[in-house]
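Hi everyone, thanks for coming. I have one structure for you this morning, so let me put it up on the screen and then walk you through it.

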Amino acid sequence: MPETREFDLVLFGATGFVGATTARYLAEVAPASARIALAGRSQEKLSALRARLGSAAAGWELIVADAMDRDGLETLAVRTAVVITTVGPYQRYGLPLVAACAKHGTHYADLTGESIFTRNAIDRYHDLAVGTGAKIVHSCGFDSIPSDLSVYRLYQAVVADDAGGLEDTTLVATVKGGVGGSTIDSARAMWEAIAADRTLRAVISDPYSLSPDRSREPKVGRQSDLALRRANSIEPSLNGWVGAFVMAPHNTKIVRRSNGLLGWVYGEDFRYREVMDAGSSRAAPLIAATVTAGVIAGMGAVALLSKSSPGRRLLDRALPEPGTGPDEKTRAEGWFRMTTYAHTSSGADYVATFAGHGDPGYQATAVMLAESGLCLAFDHARLRPVAGVLTPATAMGDVLIERMRAAGMTVDIAGPAGG
């Protein structure tokens, strides 16, 4: 990265709901010497945010920039070593910034859970970013850091123990948190894109749609995340039921892309899925069934309504406003625990735990994005010398795991030989 860059890190979308939360975290933990700038569309809102951040951010510069202003984004990219962005839905607003960063060798991280956007970025800008040395890292929040780093650590533990390759691997999500308008708007943007171009549906339905080479993926049959099953079918010691996890369709694709970018090292018969813990009460089967049916019905309803102008107007009225999110109490009381159970080709069993406090989609996500940006800005000498459209595990791997632990999150492995 050129030493002449004016900034170490620019936070784009700083005045939005997640952006402001990310800015507050950066003000608390960034090195005093860090050259940070806040970027967004409104000088007035940026100034007000900086004032609220206190003395740590008093010297941060403000940059007025618009997500669709390609010339302005190129100017921004040239000035900084790293950009982290919360401006979504990325399907609508994200590609111009990816293009600018890929062109100018600027490292980039976002929060997308939008597989169509990620596929577009790969197709258009992966090779360009490889040439300029830019690390374009998608899904650096709750989508999909816990999933991606958990399976990466399982792979490392299995290799260290000479325990064969990963086979059946299932993440069970247990979460407490709220849902905001931006999350729903991102899902809506994907289905509106599909309504306009039905060929894009394959990006959602194909578990390997983000693969660097579809032909090299393991032939292990259908892998469905829309599960309704007893938990002990995953691990005999588990009680209760599991159902569909709404983030699984994207997270699983990121994990499989990591496997491909690493050379398909996770195992010849690597099979991966994600589910949601529904508990073990008498009502658990009904809860699991309701969640699974709700996920399917919700996706179908949004897809159907997105096809017409009256339907889109109805969605505008019914859904939360973009840029909104859970209140402070909900964010503070939230938590998540992602437990990943893996069986290996040698017959060994391993468990990865990735857990943390704070609403997973907002509070914890802001921490993950900020630490990803700081990792790209200040730990680059310790990162793998790779470039292109990457994943958290392939771009930052062990170094990001260290940062997650230092930020108070649990990232543990248990297996036959410990870990």
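Let's start with a pair of residues. Ala 109 has Val 137 in β6 as its bridge partner. That pairing belongs to the contact between strand β5, residues 107–109, and strand β6, residues 135–137, where 2 bridges join strands that run parallel. Before I go on, please keep in mind that what you see is a predicted model.

Now zoom out from that pair. Which strands make up the sheet, and in what order? Reading across, the order is β3-β2-β1-β4-β5-β6-β13, so to speak a row of 7 strands in an open sheet, with parallel pairing. At the edges sit β3, residues 61–64, and β13, residues 388–390, each of which pairs on one side only. If you ignore direction, neighbouring strands in this sheet are turned by 20 degrees against each other on average. As a quick reminder, strands of a sheet pair through backbone hydrogen bonds, either parallel or antiparallel.

Next, the helices that lie across this sheet. Helix α2, residues 43–53, lies across β2 (36–40) and β3, and runs at about 155 degrees to β3. Helix α14, residues 360–378, lies across β1 (9–12), β4 (82–85), β5 and β6. Its angle to β4 is about 170 degrees.

Let me move to some antiparallel pairing. Strand β8, residues 229–230, is joined by 2 bridges to strand β9, residues 241–244, and the two run antiparallel. Here Arg 229 stands opposite Val 242 in β9. β9 also pairs with strand β10, residues 271–277, over 3 bridges, again in the antiparallel sense. In that pairing you can find Gly 243 opposite Met 276 in β10.

On to the charged side chains. How many salt bridges does the model have? The count comes to 10, and I'd like to show you a few.

One of them is between Asp 8 and Arg 35, at 2.8 Å from N to O. This pair links distant parts of the chain, with Asp 8 in the segment before β1 and Arg 35 in the loop between α1 (17–29) and β2, 27 residues apart. Is Asp 8 buried or exposed? With a relative accessible area of 11%, Asp 8 is buried, because that value is under 20%. Arg 35, at 37%, counts as partly exposed.

Another salt bridge joins Glu 371 and Arg 403, whose closest N and O atoms are 2.7 Å apart. Glu 371 is in helix α14 and Arg 403 is in helix α16, residues 397–406, so we are again looking at distant parts of the chain, 32 residues apart. Both partners are buried here: Glu 371 has a relative accessible area of 5%, and Arg 403 has one of 19%.

Helix α16 comes up once more with Glu 402, which forms a salt bridge with Arg 382 at 2.9 Å between the closest N and O atoms. Because Glu 402 lies in helix α16 and Arg 382 in the loop between α14 and β13, the pair ties together parts that are 20 residues apart in sequence. Glu 402 is partly exposed at 42% relative accessible area, and Arg 382 is partly exposed too, at 48%.

Last, a small network: Glu 6, Glu 61 and Arg 79 are joined by salt bridges that share partners. That's my tour, and I'm happy to go back to any of these views.

How values were computed: Residues numbered from 1 in each chain as written. Predicted model: local features only at pLDDT ≥ 70, side-chain atom pairs only at ≥ 80, totals over all residues. Heavy atoms only, no water. Pairing = 2+ DSSP bridges. Helix = DSSP H or I, 4+ residues; strand = E, 2+ residues; numbered from the N terminus. Axes fitted to C-alpha atoms, helices over the stretch in contact; angles between N-to-C directions. Contact = heavy atoms within 4.5 Å. Salt bridge = Lys/Arg side-chain N within 4 Å of Asp/Glu carboxyl O. Buried < 20%, exposed > 50% of the residue type's maximum accessible area, 1.4 Å probe, protein only.
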